[in-house]
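Here is my note for anyone opening this entry for the first time. Please read the points with the structure on screen.

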Amino acid sequence: HDTLNLELIEQGIKDGISMSCVNPYFINTGMFNGTITTKWWVLRKFCGFDFLEPEYVANQIIYAIQYEIPEVFLPDIMRIGWL
């Protein structure tokens, strides 16, 4: 994301182009069924780290694009770990 942004600016073609970097937690697609991650139910249920629903993630991506939000963390509490 950052590198692409710098390249666009360097080449002078950044005008009119906005980018959003989406950092989601695990998404409930069935990909992780049966893995150790699905067994961390205490962390998932009591700390708010349950798998995200695909519709929710898609809506947040559309929102980020519409309002030109540069970086999105899903769920938002993940931002704390990123800092």
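1. First, a term. Helices and strands here are DSSP runs, of at least four residues for a helix and at least two for a strand, and they are numbered from the N terminus. With that in hand, Pro75 can be placed in the loop between S2 and helix H4 (78–82).

2. The model is predicted. Its mean pLDDT is 84 in the protein chain, and 81% of the residues reach 70 or more. Where is confidence lowest, and where is it highest? Helix H2 (residues 41–46) is at the bottom, with a mean of 66. H3 is at the top, at 97.

3. Now the overall layout. The protein chain has 4 helices and 2 strands. Along the sequence they run α-β-α-α-β-α. Take the contacts between residues at least 6 apart in sequence: 56% of them join residues at least 24 apart.

4. Next, the surface. Of the 83 residues in the protein chain, 18% are buried. The chain exposes about 6300 Å², and carbon and sulfur atoms supply 60% of that area.

5. Which residues form the largest nonpolar core? There are 8: Tyr25, Phe49, Phe51, Leu52, Val57, Ala64, Val72 and Leu74. Helix H3 (54–66) and strand S2 (71–74) each supply at least two of them.

6. Leu74 deserves a separate look. Neighbours within four places in sequence aside, Leu74 is in contact with Val22, Asn23, Pro24, Tyr25, Leu52, Tyr56, Val57 and Gln60. Tyr25, Leu52 and Val57 are also among the core residues.

7. Check the bond that follows. The peptide bond from Leu74 to Pro75 is cis, with omega near -10 degrees. Pro75 itself sits in the loop between S2 and H4.

8. The structure holds 1 salt bridge. It joins the side chains of Arg79 and Asp76, at 3.0 Å from N to O. Are these two residues buried, exposed or in between? Partly exposed means from 20% to 50% relative accessible area. Arg79 has 32%, so Arg79 is partly exposed. Asp76 has 49%, so Asp76 is partly exposed as well.

9. Last, a backbone detail. Glu68 has a positive phi of about 50 degrees, although it is not a glycine. Where is Glu68 found? Glu68 is in the loop between H3 and S2. Exposed means over 50% relative accessible area. Glu68 has 54%, so Glu68 counts as exposed.

Conventions
Residues are numbered from 1 along each chain as its sequence is written. This is a predicted model: local features need pLDDT of at least 70, side-chain atom pairs count only at pLDDT 80 or more; totals for chains, interfaces and linings use all residues. Side-chain values use heavy atoms; hydrogens and water are left out. Buried means under 20% relative accessible area, exposed over 50%, partly exposed in between (1.4 Å probe, protein chains only). Contact means heavy atoms within 4.5 Å. Accessible areas come from the Shrake-Rupley method with a 1.4 Å probe; for residues, only the protein chains shown count as cover. A nonpolar core is a set of buried Ala, Val, Leu, Ile, Met, Phe, Trp, Tyr and Cys residues joined through side-chain atoms within 4.5 Å. pLDDT is the predictor's confidence in each residue, from 0 to 100. A salt bridge is a side-chain nitrogen of Lys or Arg within 4 Å of a carboxyl oxygen of Asp or Glu.
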